[in-house]
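Here is a short briefing on one structure. It starts at the ligand and then moves to the protein interior.

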Amino acid sequence: MDLGIAGKTALVAASTGGLGLAIARALAAEGVRIAIVGRRRERAKEIVAELQEAYGRPGFDAAAIEADLTTAEGVRAAVEQTTADLGPIDILVLNGPGPKPGAAATLGSDDIAAAFELLVKPHHALVSHVLPGMRERRWGRILAVGSSGVAAPLPNLAISNTGRAALAGYLKTLAAEVALDSVTVNMLLPGRIATDRVAELDHAAAKRRGTTFEEIQLESRKSIPARRYGEPEEFGAAAAFLCSAPASYITGVALRCDGGLIRSL
Ligand SMILES: NC(=O)c1ccc[n+]([C@@H]2O[C@H](COP(=O)([O-])OP(=O)(O)OC[C@H]3O[C@@H](n4cnc5c(N)ncnc54)[C@H](OP(=O)(O)O)[C@@H]3O)[C@@H](O)[C@H]2O)c1
């Protein structure tokens, strides 16, 4: 299927690794001009070189942008540099670091504030900068990386469950407001996709429970109907579709990419 987005410009937040990088690669394969954004400048440059090598052809370009997206300055700089290097942003992928674990019963007011600081404010700031141009040009795709916790809150991840539910509410409301301008707003919910972060979490769980990394992964795989973790490429492919031209009538959804992990309808 031709995704019809060659030549568009995408800012993919937190794309120097993990899910963000998988999305950036999938979009670049479609000829989308990509801004790779993260705190590691050298890693961003390596990825840009990789993309240029793989997809370099007239019209394709990529930019390496060093920015801390949890700060207002970082967000502004990332948007300004993307626009200067690659042109107006047509596709905005919202992604960023996850919060620390913790139970709901012991959440303090600082934790509640952190949920908004980390999981709502940076994404809202990016949208605020980019949305007016999308509406003016009457085309746009906003896609947020969420978590299965949006559909079924996860035990001991109270900050994540709280912040991501708030983000989901904001984006769902926004989707209805901008549909008439041909801007779609969706979320993609990872179950367990094999990234560095998931490996770190599994190592931490093994240490906490006095067992091995392999045991934790085996147990985790048993809880997934597909009996395996997802590959980042599978997640990237789903994201590229939601950002595509043929996905023009899909908006306001929170699509699961989880091998059947979430059991609720
Ligand atoms: N993987 C899964 O199965 C899964 C499941 C549920 C939820 N999630 C959520 O999905 C998001 C991405 O997860 P992941 O697995 O891809 O994580 P990851 O492998 O740890 O990658 C995180 C990315 O975020 C960037 N980053 C971190 N802090 C940043 C900051 N302040 N400013 C800009 N970039 C920053 C990192 O690059 P730099 O170090 O260069 O900044 C890196 O590129 C997280 O919020 C995670 O909680 C993932």
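A polar side-chain atom of Arg 197 sits 3.0 Å from an oxygen atom of the ligand. The model is a predicted one. The protein covers 90% of the 900 Å² of accessible area that the ligand has on its own.

**Ligand: polar contacts**
- Arg 39 also places a polar side-chain atom by the ligand, 2.7 Å from an oxygen atom.
- Gly 17 uses its backbone instead: an N or O atom there lies 2.9 Å from a ligand oxygen atom.

**Ligand: the surrounding shell**
- The ligand has 28 residues around it.
- Those that come nearest are Thr 16, Arg 39, Gly 96, Ile 193 and Thr 195.
- By class, the shell holds 9 nonpolar, 12 polar and 7 charged residues.
- Two elements, α1 (18-29) and α7 (196-209), give two or more residues each to this shell.
- The largest share comes from α7, with 3 residues.

**Nonpolar cores**
- In soluble globular proteins, nonpolar side chains tend to be buried together.
- The largest nonpolar core here has 34 residues.
- Leu 27, Ile 34 and Ile 91 have the most contacts inside this core.
- Strands β1 (9-12), β2 (33-38), β4 (91-94) and β5 (140-145) each supply at least two of its residues.
- Helices α1, α2 (41-55) and α9 (232-242) each do so as well.
- Helix α1 gives the most to this core, with 7 residues.
- Helix α1 thus appears twice in this briefing: it gives residues to the ligand shell and to the largest core.
- A second, separate core has 32 residues, including Leu 11, Ala 78, Ile 142 and Val 178.

**Ile 34 in the largest core**
- What does Ile 34 touch, not counting residues up to four places away in sequence?
- Its partners include Ala 10, Val 12, Ala 24, Leu 27 and Ala 28.
- Asp 61, Ala 62, Ala 63 and Leu 86 are also touched by Ile 34.

**Asp 111, a charged residue**
- Asp 111 is placed in helix α4 (residues 109-119).
- Is Asp 111 buried or exposed?
- Asp 111 counts as buried because its relative accessibility is 17%, and the cut-off for buried is under 20%.
- Beyond its neighbours within four places in sequence, Asp 111 is in contact with Lys 100, Thr 106 and Ile 159.

Methods: Residues are numbered from 1 along each chain as its sequence is written. This is a predicted model: local features need pLDDT of at least 70, side-chain atom pairs count only at pLDDT 80 or more; totals for chains, interfaces and linings use all residues. Side-chain values use heavy atoms; hydrogens and water are left out. A residue is near a molecule or strand if one of its heavy atoms lies within 4 Å of it. A polar contact is a pair of N or O atoms within 3.5 Å; within protein, one must be able to donate a hydrogen and the other to accept it, and residues adjacent in sequence count only if both atoms are side-chain atoms. Accessible areas come from the Shrake-Rupley method with a 1.4 Å probe; for residues, only the protein chains shown count as cover. Helices (H or I, at least four residues) and strands (E, at least two) are DSSP runs, numbered from the N terminus. Ala, Val, Leu, Ile, Met, Phe, Trp, Tyr, Cys and Pro count as nonpolar, Asp, Glu, Lys and Arg as charged, and the others, Gly among them, as polar. Buried means under 20% relative accessible area, exposed over 50%, partly exposed in between (1.4 Å probe, protein chains only). Contact means heavy atoms within 4.5 Å. A nonpolar core is a set of buried Ala, Val, Leu, Ile, Met, Phe, Trp, Tyr and Cys residues joined through side-chain atoms within 4.5 Å.
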